[in-house]
Amino acid sequence: MVQQNYVGGEWVAGKTVTRDINPSDIKDLVGEYAQADATLTEQAIDAARDAFRTWSLSPIQQRADILDKAGNLILARKDELGKLLSREEGKTLPEGVGEATRAGQIFKFFGGEALRLSGEKIASTRPGLEVEVTREPIGVVALITPWNFPIAIPAWKIAPALCYGNCVVFKPADLVPGCGWALVDILIEAGLPKGVLNLVMGRGSVVGEKMLASPKIDAVSFTGSVSTGRAIAQKAVASGKKVQLEMGGKNPMVILDDADLATAVNTSVNGAFFSTGQRCTASSRLVVTQGIHDKFVEAVKEKMKALKIDNALKPGTDIGPVVDQSQLDQDMKYIEIARKEGGKVFGGERLNRETEGFYLSPALVTETTNAMRINREEVFGPVASVVRVKDYDEALAVANDTEFGLSAGICTSSLKHSSHFKRHSQAGMVMVNLPTAGVDYHVPFGGRKGSSYGPREQGRYAAEFYTTVKTAYIQP
């Protein structure tokens with residue numbers, strides 16, 4: 001059965017159909033999903049605009065109850081949703097279930113936030129006047145999400161949008177529509193009124209472009225590639241839309257001589273290679289001081305040898321497949337570029353398994369400099385490079401020498417260096433003796449420089465994007 005789009009409270013067929021394929025087993029069809037065209041996208045926008053008149057003024061208890069119920073439904077189905085996620089994206093089953101759990105927690109958090117939205121009462125400079133500052137919903141929000149976190153990222157965009165009274169037109173990544181469809185289905189079961197959330201599955205060149213062109217869209221939140229994000233920003237700003245972008249990363253993990261070796265190795269391998277390295281927060285640059293460099297590299301190689309790369313659903317698998325052939329080709333291309341530039345590659349080999357899929361052994365590239373392409377451009381796969389540096393000062397300089405600024409980490413036993421790094425790292429998120437990937441659902445997420453644009457996502461900081469501020473003067 002073809003799973004349909006959801007527009008104005010009705011399931012609607014599309015003009016074409018896309019096939020959702022399991023990257024662990026390309027013979028396994030996860031499902032078939034209808035593709036929206038420009039006309040259906042326009043209908044979804046109109047439905048959201050109509051629903052906004054009532055949803056924006058809905059009681060906060062109604063919003064809280066719906067979001068909390070959705071969170072409970074997700075948590076009750078976390079194993080089922082985690083399996084779906086692992087089948088269509090390639091994360092290991094424990095990672096898939098963990099992501100589904102996080103989605104449920106996000107909805108429950110914003111169920112509470114619906115009851116906690118506050119304002120300010122400020123004294124006026126003019127005698128006898130009162131000033132109130134309040135937050136109101138921004139309007140109709142277009143949400144465009146990536147394939148690498150197919151349920152968590154939609155959750156952390158949809159939940160705050162609904163929490164603050166906005167209506168949504170949601171386009172999941174064309175490569176992984178299953179989790180997005182399931183999430184919408186759960187919100188319907190939770191009691192969300194018609195038109196408040198609309199699902200349009202399809203190509204960005206069709207659905208996304210229609211969203212950006214529509215004057216009825218008030219804001220756009222996008223997570224994806226740098227090139228697409230910049231193009232979206234230009235079009236959104238030109239048409240007066242509020243815009244929020246989460247894009248790429250080339251995240252450094254600094255390893256100092258005084259680091260605990262086991263902690264440094266475990267932190268780096270987890271951050272660089274788990275989730276098949278397909279995380280914008282992955283530790284793709286390992287910046288290592290010379291005193292620990294050789295021991296660290298050898299220990300990482302030994303750790304890599306013990307990793308099990310296999311079907312995402314198979315028990316004991318540490319790393320699943322790359323998401324599709326296109327991404328696999330990109331990974332292999334960058335591994336070859338690194339070789340040609342003088343890097344020495346350990347791993348990075350195409351693998352055959354019991355089921356035909358996009359399997360790649362993690363790659364560690366040593367003998368690199370920060371000027372090499374492997375250290376300048378985002379690969380988005382299980383590929384990490386090592387940059388040898390003299391000391392902490394050089395490590396910090398190399399870590400900051402990038403157009404990106406999403407996440408950064410340091411492994412050290414020095415309070416002096418960890419404190420200095422937290423203050424001087426040019427990243428939106430800093431980790432000390434922890435992987436660069438992995439943040440809690442109730443704290444702000446985002447970066448600096450080319451990694452992010454606009455207000456932060458997640459936690460209470462989500463209100464900065466999904467609301468607009470109103471200042472009211474009162475003459476009693």
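So, the lining of the second largest cavity: by class it splits into 6 nonpolar, 7 polar and 2 charged residues. This is a predicted model, by the way, so keep that in mind throughout. The cavity itself has a volume of about 60 Å³. There are 15 residues around it, and those closest to its centre are P252, A399, T402, F404 and G405. If you want to find the spot by secondary structure, look at α12, residues 392–400, then β20, 404–405, and β21, 407–411; each of them supplies at least two residues of that lining.

How many cavities of 30 Å³ or more does a search of the whole structure find? The count is 2. The largest cavity comes in at about 90 Å³. Its lining has 14 residues, with G277, A282, S284, E378 and F380 closest to the centre. Sorted by class, that lining holds 6 nonpolar, 5 polar and 3 charged residues.

Okay, on to the pockets. The largest pocket has a volume of about 1200 Å³. It's lined by 46 residues, and if you'd like to put your cursor at the centre, go for W147, F222, G224, S225 and T228, which are the closest to it. Which elements give two or more residues to this lining? Going along the chain, they are β4 (16–22), α7 (204–213), β11 (219–223), α8 (226–238) and α11 (325–340). Of these, α8 gives the most, with 7 residues. T228, one of the residues closest to the centre, falls within the 226–238 range of α8. As for chemistry, the lining of the largest pocket has 17 nonpolar, 15 polar and 14 charged residues.

The second largest pocket has a volume of about 380 Å³. Here we have 21 lining residues, and R102, F149, R279, G438 and V439 lie nearest the centre. Two helices each supply at least two residues of that lining, α4 (93–113) and α5 (152–163). The largest share comes from α4, with 6 residues. The class breakdown for the second largest pocket is 9 nonpolar, 7 polar and 5 charged.

While we're on α4, let's look at how another helix packs against it. The axes of α3, residues 78–89, and α4 come within 7 Å and cross at roughly 125 degrees. That angle is why α3 counts as oblique to α4. And the handedness? α3 passes α4 in a right-handed crossing.

Last stop, a sheet. It's an open one with 3 strands in the order β6-β7-β25, and the pairing is antiparallel. β6 (120–123) and β25 (467–474) are at the edges with a single partner strand each, so one side of each has no neighbour in the sheet. On average, neighbouring strands here are turned by 25 degrees against each other, ignoring direction. Zooming in on β6 and β7, which is residues 130–137, the two run antiparallel and are joined by 4 bridges. What is the bridge partner of K121 in β7? That would be E132.

So if you're clicking along, start at α4: this helix gives 6 residues to the lining of the second largest pocket, and its axis comes within 7 Å of the axis of α3. Then jump to α8, which gives 7 residues to the lining of the largest pocket. That's my tour, thanks everyone.

Key. Residues are numbered from 1 along each chain as its sequence is written. This is a predicted model: local features need pLDDT of at least 70, side-chain atom pairs count only at pLDDT 80 or more; totals for chains, interfaces and linings use all residues. Side-chain values use heavy atoms; hydrogens and water are left out. On a 1 Å grid over the protein atoms alone, a cavity is a set of points where a 1.4 Å probe fits but cannot get out, and a pocket is an open set with protein on both sides within 12 Å along at least five of seven lines; lining residues have an atom within 4 Å of a point. Grid points are joined across faces, edges and corners, and a volume is the space filled by probe spheres set on the points. Ala, Val, Leu, Ile, Met, Phe, Trp, Tyr, Cys and Pro count as nonpolar, Asp, Glu, Lys and Arg as charged, and the others, Gly among them, as polar. Two strands pair if DSSP finds at least two bridges between them. Axes are lines fitted to C-alpha atoms, for helices over the stretch in contact, and angles run from 0 to 180 degrees between N-to-C directions. Angles under 35 degrees count as roughly parallel, over 145 as roughly antiparallel, 65 to 115 as roughly perpendicular and the rest as oblique. A crossing is left-handed if the near helix is turned anticlockwise from the far one by less than a right angle, and right-handed if clockwise.
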